[in-house]
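Reader: I am a first-year student, and I would like a close look at a single part of this model, followed by its surroundings. Please go slowly and connect each step to the one before.

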Amino acid sequence: MKRPKLLDDPKRELWLAWYATICFYSLYAIVFFIVTRTQPPGKPWYDPTQVVAWFAGRHEGLLIGFALIFVLGGLSATSIALITYSIRRMSVSRAYSYSYLIIYAVSAVPGFLFICVAMTVGAMRPDRSPEIQRWLYDLGFLSFSGTMGVFLIGSLIWMTAILLDKNRVFPKWFAYLNLCNALTEVVVAPSWIFHTGAFAWNGVIAWWINVVVFGLYTGAFIYLLRCLILREDFGTGPLPDLASKRWHQIFPAEVGVS
Amino acid sequence: MSRTTGERIIFWALPAVAVVWIAAFLLFPGFVPPMSPKASAAQVAAFYAHHTSRVRYSMILLNWFCVALIPILMLIVERMRLMAHRTPILRYCVIGVAGAAPIVFLTSTVFWLLAAFRPYRSPDLTLLYNDLAWITFTCGVPFLVALCLFIAVAIYLDQQAEPVFARWVGHFNLIIAVALVPAGFAGLTLSGVFAWNGFLSFWVKNVAIAVWLVVMAVVLGGALQRHREPAEALV
């Protein structure tokens with residue numbers, strides 16, 4: 001029997017984690033935007049009866065969609081592991097990679113498990129008192145968008161590591177995209193205060209701008225992690241270049257610097 | 001010269017911790033038999049009013065000791081250092097889920113303790129805490145599923161003459177991951193095998209976790225015997 005090529009590839013673990021990352025983010029987008037329709041989020045100004053109607057309008061979607069997250073949500077650890085690996089490949093202290101790992105590992109429970117639990121509990125008993133349904137609705141959306149500190153500090157740690165790194169693991173512009181991601185966690189804070197307007201949890205700033213930044217950020221790091229795997233030489237010095245013209249455009253100022 | 005690395009202390013603490021877990025499981029009156037999701041708010045409120053002390057003591061025990069799973073998982077992570085892997089990615093994956101897995105149990109104990117804290121509040125609120133506790137406890141399997149998958153992949157990729165864990169341990173972890181899957185769907189129904197008190201979501205899931213602990217403890221014990229000083233073998 002022919003041995004699968006992947007088994008002999010020294011980068012097999014990196015590729016497995018990368019493909020699992022793609023699967024996780026695809027699942028995440030499909031569940032939140034299509035199956036449960038919890039993104040874009042419900043309106044923060046809904047009265048209790050409107051919240052009951054909101055739950056009724058997506059009863060099966062909430063229960064099936066979040067069940068999928070209950071089963072497969074742990075795959076989020078693969079992107080955390082890859083990013084931790086990328087930081088360890090940099091010329092910075094391991095304190096950066098371990099901080100990133102622990103911060104993002106902790107983020108999973110308030111960051112996405114709480115919304116799954118709150119929305120499932122809300123959807124499973126539609127005849128519950130409308131006031132309590134709204135309590136669950138608030139818990140779901142505010143825990144999801146309002147779990148801020150882990151992503152704020154995590155992004156700043158990754159940013160600092162990239163800026164200090166001499167091994168050219170990530171392009172410097174991505175450090176500033178990390179800063180943008182960190183800033184989204186700052187501007188989302190007013191969603192704990194406002195029920196309407198640009199700063200409410202569904203507002204132009206607290207939701208629309210944030211989701212665009214997060215989408216760009218996630219797409220960029222998934223692409224850059226793929227480049228990292230292709231360039232990985234398992235050494236400790238600067239990562240070699242990717243033999244393509246496009247790569248030279250990504251690293252314009254640093255090509256040729258040893 | 002022999003040196004104490006402390007791994008044996010963690011390992012032999014497991015049977016003691018397991019006794020506490022089983023005791024807490026049996027002490028909680030809502031587990032044997034599992035409470036029905038079809039119970040009315042009045043019935044649920046009456047349950048907490050009648051069994052206040054047992055709910056409190058059992059959940060305080062679980063709250064104290066559920067996190068004791070983490071050092072055990074770290075022993076597995078240390079064994080993974082000896083696997084024929086090229087990168088630490090799979091260890092990072094396991095560390096990434098090792099914290100969240102018991103924190104899910106911890107969160108459910110908080111909801112159960114809240115339900116028992118004021119059993120004479122409005123029954124609708126006690127029903128809410130009870131639902132939050134049961135859904136968190138039952139559906140909160142994503143990190144355990146991923147843990148089993150990561151360990152299985154790690155074992156399959158450990159291709160050396162004397163692998164750290166035998167290949168069947170990988171197959172075993174895949175089977176446990178599959179056994180945990182139905183529990184994720186417990187929110188979909190209030191009766192039947194998928195309900196939180198059902199055959200698949202309660203019995204299969206919890207027995208799978210218990211069997212996983214016993215089997216992994218046995219193979220971990222064997223691996224500890226074979227490789228006494230992993231931390232020094234690889235720097």
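Author: Helices here are DSSP runs of at least four residues, marked H or I, and strands are runs of at least two residues marked E, with both numbered from the N terminus. The model is a predicted one, and the part I have chosen is the loop between α2 and α3 of chain A, where A:P40 lies. The peptide bond that leads from A:Q39 into A:P40 is cis, with an omega near -10°. Most peptide bonds are trans, and most residues other than glycine have a negative phi.

Chain B offers a second cis bond, this one running from B:V32 to B:P33 with omega near -5°, and B:P33 sits in the loop between α1 (7-27) and α2 of chain B. Chain A also holds backbone features of another kind, for A:R168, although not a glycine, has a positive phi of about 55°, and A:F234, likewise not a glycine, has a positive phi of about 60°. A:R168 belongs to the loop between α8 (149-164) and α9 (172-187) of chain A, while A:F234 belongs to the loop between α10 and α11 (245-250) of that chain. As for burial, A:R168 counts as buried because it has 20 C-beta neighbours inside 10 Å, whereas A:F234 counts as exposed because it has 9 such neighbours inside 10 Å.

These loops join the elements of a chain with eleven helices and zero strands. The C-alpha trace of chain A spans about 65 × 50 × 30 Å along its principal axes, and 43% of its 258 residues are buried. If we take the contacts in chain A between residues at least 6 apart in sequence, 72% of them join residues at least 24 apart.

Let us now move to the helices themselves. Two packed helices are described by the angle between their axes and by the distance between those axes. In chain A, the axes of α4 and α6 come within 9 Å and cross at roughly 145°, and this crossing of α4(A) and α6(A) is left-handed. On the α4(A) side the residues that meet the partner helix are A:H59, A:L62, A:L63, A:F66, A:I69 and A:F70, and on the α6(A) side they are A:F112, A:C116, A:M119, A:T120, A:A123 and A:M124. Sorted by class, this contact of α4(A) with α6(A) has ten nonpolar residues, two polar ones and no charged ones.

Helix α6(A) is also one of the helices against which the buried residues of α7(A) pack, and the others are α3 (48-57) and α10 (204-231) of chain A together with α7 (123-139) of chain B. Helix α7(A), residues 130-146, has 17 residues and reaches 23 Å from its first C-alpha to its last, close to the 24 Å expected at 1.5 Å a residue. Among its buried residues are A:I132, A:L136, A:Y137, A:F141 and A:F144.

This brings us to where the two chains touch, a contact that takes 38 residues from chain A and 37 residues from chain B. On the side of chain A that touches chain B, two or more residues each come from α2 (12-35), α4 (59-72), α5 (76-88) and α6 of chain A. The largest share of that side, eleven residues, comes from α6(A). The residues of that side divide into 28 nonpolar, six polar and four charged.

One pair of helices across this boundary deserves its own look. Helix α5(A) packs with helix α5 of chain B, residues 89-98, at an angle of about 125°, with the axes 8 Å apart, which means that α5(A) is oblique to α5(B). The crossing of α5(A) and α5(B) is right-handed. From α5(A) the contact draws on A:A77, A:T78, A:I80, A:A81, A:L82, A:T84 and A:Y85, and from α5(B) on B:I89, B:Y92, B:C93, B:G96 and B:V97. By class, nine residues of this contact between α5(A) and α5(B) are nonpolar, three are polar and none is charged.

Finally, a pair within chain B gives another angle to set beside that one. The axes of α2(B), residues 41-50, and α7(B) come within 8 Å and cross at roughly 80°, and therefore α2(B) and α7(B) are roughly perpendicular to each other.

How values were computed:
Residues are numbered from 1 along each chain as its sequence is written. Chains are lettered from A and ligands numbered from 1 in the order in which they are written. This is a predicted model: local features need pLDDT of at least 70, side-chain atom pairs count only at pLDDT 80 or more; totals for chains, interfaces and linings use all residues. The expected span of a helix is 1.5 Å times one less than its number of residues. A residue is buried if 20 or more other C-beta atoms lie within 10 Å of its own, exposed if 12 or fewer, and partly exposed in between; C-beta atoms are placed from the backbone. Two residues are in contact if their C-beta atoms, placed from the backbone, lie within 7 Å. Ala, Val, Leu, Ile, Met, Phe, Trp, Tyr, Cys and Pro count as nonpolar, Asp, Glu, Lys and Arg as charged, and the others, Gly among them, as polar. Axes are lines fitted to C-alpha atoms, for helices over the stretch in contact, and angles run from 0 to 180 degrees between N-to-C directions. Angles under 35 degrees count as roughly parallel, over 145 as roughly antiparallel, 65 to 115 as roughly perpendicular and the rest as oblique. A crossing is left-handed if the near helix is turned anticlockwise from the far one by less than a right angle, and right-handed if clockwise.
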